[in-house]
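Please open the structure in your viewer and keep the selection tool at hand. The stops below say what to select next and what is to be found there.

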Amino acid sequence: MGENKNLNRTFQVDLRGVVDLLSHHLYSSPRVYVRELLQNAVDAVTARRAQDASAPTEIDVAVADGTFTITDSGIGLTEQQVHELLATIGRSSKRDDLGFARHEFLGQFGIGLLSAFLVADEIRVVTRSVAGDPAVEWVGRGDGTYQIGPGSRDAPGTTVTLKTRAGAEQWFEVPTVKELAALYGSMLPFPVTVAGQRVSGDGTPWRADERPSGLRQADLVGYAQDTFGFTPFDVIELDVPEAGLSGVAYVLPFPANPADRGGNRVYLKRMLLAETAEGLLPKWAFFARCVVDTAELRPTASREALYDDSLLDATREALGDQLRGWLVGLARTDSKKLARFLGIHHLGVKALALHDEEMLRLVDLWMPVETNFGRMTLSDFRARYGTIRYTATTDDFRQLAAAAAAQDLALVNGGYAYDTEIIERLPQIDPSLVVTRLDPTDLATTFSALESQEELALRPFLAAAQRAMDPMGCEVVLRSYDPTSLSVLFLIDRAAAFQNELRATRERVDELWAGVLSAFDKPTTDRPQLVLNHRNPLVKRICGLTDPELVRLAVEALYGQALLLGYHPIRPADAQLLNRSFLGLLDQAVPTEDHQ
Ligand SMILES: Nc1ncnc2c1ncn2[C@@H]1O[C@H](COP(=O)(O)OP(=O)(O)OP(=O)(O)O)[C@@H](O)[C@H]1O
């Protein structure tokens, strides 16, 4: 009895539980049964061809009346192998003595056949080994039992037959099976037929052959049109020998959303792994969609994604280099095409330039930016004006462009996506380069003050104007600057802008929040400035006003105009003030009845 206690026992496997696990947690759809059976047939043919290079390579699929049959002229199995391989879950003939997947085969895990139970209750296999043993028939059932007996078959090879389970009929329709076999197997090296129609055997569309290169290129474009539904902007051939990878990257002819990971079409040893596999290209390469075949990258157990390992990392890097090489080559040889590419994919390229010096150079040389002297590339800009002066927002740019131009100050609008970051990175490629951010208040320091005599004379006006603006929390300044057509500027630096917004919010929220917000309210010396241009004829006339009420109305109107010109937010208090000043000025302008 004591001996019995230590007896080695064998695990019992509840097949129904395993099938349930596969169907609900491993495979995304029952359709994978076509792939798994096709894959077994291909592996069997491959194994036979390894022994006899002249062996037939037929793989035929037939579907009729709810029955699916796949026949191969492969290596077949002896009775002993049937027990060992078909009836033992997790056992595979496709691993070497150390348990590693063998290079020439698609399968490796020893579970693929079970996927047939996703659509059928019974798997019938008739097989005859090339070893010459008699044919065997094996019937495996979803409840975990199987039967084995003599089979009838003359030539070596295997036939697997499935009868549809109630509810799975859709997976046994001829068009569906044909579509699935073509989807997974179109690039297989052997001819596969479904209902007598060939769905594979032509290899990869990018294989090197004797055809003239133009024809090959046209075929590759045709493949993109058929498979992805677009005519590519360009076609880049890919080759990563370490991963046994070859293929093509299609440059999208339309802008792609950087956040949208379209995924790439990946074949593993010529069998489709996924139409939208992730992780193959670097994140920045969203302007390209690839189709590749790889012999070395590994699948996850579901065979629906790439296994994330160091080889995948290295492959991603190598593919990134090849895409980058294409871009840099374009810059050297075809600047018009590059300009068109940048027109479509500027966002992607700019995102790339933040991490990659070569891309940064490309952006510097080729990407036009908005400046107050017209559109030009950053490299042209610095060749002409030296220092790169830029605004961080488009609003700042709009506010300052004209005034800066009038003072010969060249200014780049850094407000578009990534532009500010790119400009700030430029010294990395040219250490002598100076980049400075222009804040609106910096501009005021370049304006000339009035002559002291004149200033003295205008003090009463300035004091009245300041009183009018005190409730708005802004400081009135009188300067002379160009262009003379510009009457007024509202200048606000970043700290003051924040404080202003804080105050505006506090006016709108309830007491509790107002208390919380006031904790952030630091007294700031940098009040926004309302800078009147004394060179402007209208402002000059306003400076001559003596009636304090009229001064107030005019200054309020200038303040409102400055806010609108500079795209500043209009707070409720501003709107009220604008209204009051407009009506006040109207009242002054329209004669009253008494005077008529
Ligand atoms: N058509 C076939 N001809 C010859 N042998 C086959 C055939 N189908 C299956 N086998 C044998 O049965 C074994 C188990 O097949 P199964 O599909 O479960 O796993 P696998 O192909 O080895 O690996 P994977 O789970 O990765 O597909 C195979 O390793 C192979 O030896």
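Select valine 125 together with tryptophan 138 of strand 4, its bridge partner in this predicted model. The selection can then be widened to strand 3 (residues 120-128) and strand 4 (residues 136-141), which pair in the antiparallel sense over six bridges. Next, add strand 6 (residues 157-164), with which strand 3 forms a further antiparallel pairing, over seven bridges. Within that pairing, valine 126 has threonine 159 of strand 6 as its bridge partner. In general, the strands of a sheet pair through backbone hydrogen bonds, in either the parallel or the antiparallel sense.

**The surroundings of the ligand**

Select the ligand and the 23 residues around it; Ala44, Ser92, Ser93, Gly107 and Gly112 come nearest. Helix 3 (32-51) and helix 4 (79-86) are the elements that give two or more residues to this shell. Which element provides the largest share of the shell? That element is helix 3, with five residues. Colouring the shell by class separates nine nonpolar, eleven polar and three charged residues.

**Helix 8 and helix 9**

Move on to helix 8 (residues 335-353) and helix 9 (residues 357-366), whose axes come within 10 Å and cross at roughly 135 degrees. The two helices, helix 8 and helix 9, are therefore oblique to each other. Their crossing is left-handed. To display the contact, select Leu338, Ala339, Leu342, Val349, Lys350, Leu352 and Ala353 on helix 8, and Met359, Leu360, Val363 and Trp366 on helix 9. By class, this contact of helix 8 with helix 9 has ten nonpolar residues, one charged residue and no polar residues.

**A parallel sheet**

Select next the three strands that form an open sheet in the order 17-16-18, with parallel pairing. Strand 17 (412-413) and strand 18 (435-437) are the edge strands, each pairing on one side only. Strand 16 (residues 388-391) is joined to strand 18 in the parallel sense over three bridges. Which residue of strand 18 stands opposite tyrosine 390? It is arginine 437.

**A mixed sheet and the helix across it**

Another open sheet is formed by three strands in the order 19-21-20, and here the pairing is mixed. At its edges are strand 19 (475-479) and strand 20 (488-491), each of which pairs on one side only. Neighbouring strands of this sheet are turned by 25 degrees against each other on average, direction ignored. Strand 19 pairs with strand 21 (residues 529-533) in the parallel sense over five bridges. Here leucine 478 stands opposite leucine 532 of strand 21.

With these strands still shown, add helix 18 (residues 548-565), which lies across strand 19, strand 20 and strand 21 and runs at about 65 degrees to strand 20.

**Helix 18 and helix 19**

For the last stop, keep helix 18 and select helix 19 (residues 572-589): their axes come within 9 Å and cross at roughly 130 degrees. This angle makes helix 18 oblique to helix 19. The crossing of helix 18 and helix 19 is left-handed. On helix 18 the contact is made by Leu550, Leu553, Glu556, Ala557, Gly560 and Leu563. On helix 19 the residues to select are Asp574, Leu577, Leu578, Arg580, Ser581, Gly584, Leu585 and Gln588. The contact of helix 18 with helix 19 divides into seven nonpolar, four polar and three charged residues.

Key:
Residues numbered from 1 in each chain as written. Predicted model: local features only at pLDDT ≥ 70, side-chain atom pairs only at ≥ 80, totals over all residues. Near = placed C-beta within 6 Å. Helix = DSSP H or I, 4+ residues; strand = E, 2+ residues; numbered from the N terminus. Nonpolar A, V, L, I, M, F, W, Y, C, P; charged D, E, K, R; others polar. Pairing = 2+ DSSP bridges. Axes fitted to C-alpha atoms, helices over the stretch in contact; angles between N-to-C directions. Contact = placed C-beta atoms within 7 Å. Parallel < 35°, antiparallel > 145°, perpendicular 65-115°, else oblique. Left-handed = near helix turned anticlockwise from the far one by under 90°.
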